[in-house]
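Student: I have not seen this structure before. Could you take me through how to read some of its features?

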Amino acid sequence: MTDGAKALIKWLKANVVTAYQEPVSSSASLPYISLNYTEAPTNESSSQSLTIWTRNDSSYSEAYGYADKLSSLLGDQGVIITNEDTKLYVSKGSPFVQNRLDDTETIRAVLVNVVVTNLNI
């Protein structure tokens, strides 16, 4: 796992909900965020898709609640995340959030798009 992935996962876990690098262990319990992190070169950006997974028979409200929390944290300007020697600027992507097709009748997930800029100099 790259330092950028570690920093983003640590920040998401502390501020939104537990997060994991894909593939996620089958022993992980919902809710959580999964991501397949792509590290950009220094001073460049990459789009990252996060999947927020929840368990519910009929509603996406819990998944959207976590997306709303992330949206509030990022605001209109984004945030800078630091972790040891890693510095990332994270902002909202477009579209920011959308439904994901359900894998089963009890799993509800939404896709969240963010842009991550590697600020390591």
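Tutor: Start with a loop; this is a predicted model. E84 sits in the loop between β4 and β5.

Student: Is E84 buried or exposed?

Tutor: Look at the relative accessible area: over 50% is called exposed. E84 has 79% relative accessibility, so E84 counts as exposed.

Student: What is the phi of E84?

Tutor: Phi of E84 is near 55 degrees, which is a positive value in a residue other than glycine. N43 is another case: its phi is positive, about 65 degrees, although N43 is not a glycine.

Student: Where is N43, and is N43 buried or exposed?

Tutor: N43 is in the loop between β2 and β3, the strand of residues 45-55. Its relative accessible area is 51%, so N43 is exposed.

Student: Back to the loop of E84. Which residue of the negative patch can I look at next, and where is D85 found?

Tutor: D85 is found in the loop between β4, residues 79-83, and β5. With 73% relative accessibility, D85 counts as exposed.

Student: Which residues form the negative surface patch?

Tutor: For a patch, look for like charges at the surface. Here D3, E39, E84 and D85 form a negative surface patch.

Student: Where does T86 lie, and is T86 buried or exposed?

Tutor: T86 lies in strand β5, which covers residues 86-99. Under 20% relative accessible area is called buried. T86 has a value of 4%, so T86 is buried.

Student: Which residues is T86 in contact with, leaving aside its neighbours within four places in sequence?

Tutor: A contact list shows what surrounds a residue in space. With those neighbours left aside, T86 is in contact with D3, G4, A7, I81 and N120.

Student: G4 is on that list. Where does G4 lie, and which residues does G4 touch beyond four places in sequence?

Tutor: G4 lies in helix α1, residues 3-15. Not counting residues up to four places away in sequence, G4 touches Y37, E39, T86 and L88. G4 has 0% relative accessibility, so G4 counts as buried.

Student: How are G4 and T38 separated?

Tutor: Two separations can be read for a pair: one along the chain and one in space. G4 and T38 are 34 residues apart along the chain, and their C-alpha atoms are separated by 8.6 Å.

Student: What about L8: where is its place, and is L8 buried or exposed?

Tutor: L8 has its place in helix α1. At 1% relative accessibility, L8 counts as buried. Leaving aside its neighbours within four places in sequence, L8 is in contact with L35, Y37, I81, L88, V90 and V116. L8 and N120 are 112 residues apart along the chain, with their C-alpha atoms separated by 14 Å.

Student: Let us take a strand. Where does V112 lie, and which residues does V112 touch?

Tutor: V112 lies in strand β6, residues 107-118. Not counting residues up to four places away in sequence, V112 touches Q48, S49, L50, I52, A67, L70, F96 and V97. L50 can also be read by distance: the C-alpha atoms of V112 and L50 are separated by 5.0 Å, while the two residues are 62 residues apart along the chain.

Student: Why does V112 count as buried?

Tutor: V112 counts as buried because its relative accessibility is 0%, where buried means under 20%.

Student: And D76: where does D76 lie, and is D76 buried or exposed?

Tutor: D76 lies in the loop between α2, residues 61-74, and β4. Its relative accessible area is 75%, so D76 is exposed. D76 and S34 are 42 residues apart in sequence and 23 Å apart in space, C-alpha to C-alpha.

Student: One last feature. Which peptide bond joins L30 and P31?

Tutor: Read the omega angle of the bond. A cis peptide bond joins L30 and P31, with omega about 0 degrees. The peptide bond from E22 to P23 is also cis, with omega near 0 degrees.

Student: Where are P23 and P31 found?

Tutor: P23 is found in the loop between β1, residues 19-21, and β2, residues 32-35. P31 is found in the loop between β1 and β2.

Definitions and conventions:
Residues are numbered from 1 along each chain as its sequence is written. This is a predicted model: local features need pLDDT of at least 70, side-chain atom pairs count only at pLDDT 80 or more; totals for chains, interfaces and linings use all residues. Side-chain values use heavy atoms; hydrogens and water are left out. Helices (H or I, at least four residues) and strands (E, at least two) are DSSP runs, numbered from the N terminus. Buried means under 20% relative accessible area, exposed over 50%, partly exposed in between (1.4 Å probe, protein chains only). Contact means heavy atoms within 4.5 Å. Patches are made of residues with over 30% relative accessible area and no salt bridge: like charges are joined within 9 Å, nonpolar side chains (Val, Leu, Ile, Met, Phe, Trp, Tyr) within 5 Å. Accessible areas come from the Shrake-Rupley method with a 1.4 Å probe; for residues, only the protein chains shown count as cover. A salt bridge is a side-chain nitrogen of Lys or Arg within 4 Å of a carboxyl oxygen of Asp or Glu. Lys and Arg count as positive and Asp and Glu as negative; His and the chain ends are not counted. The place of a charge is taken as NZ of Lys, CZ of Arg, CG of Asp or CD of Glu.
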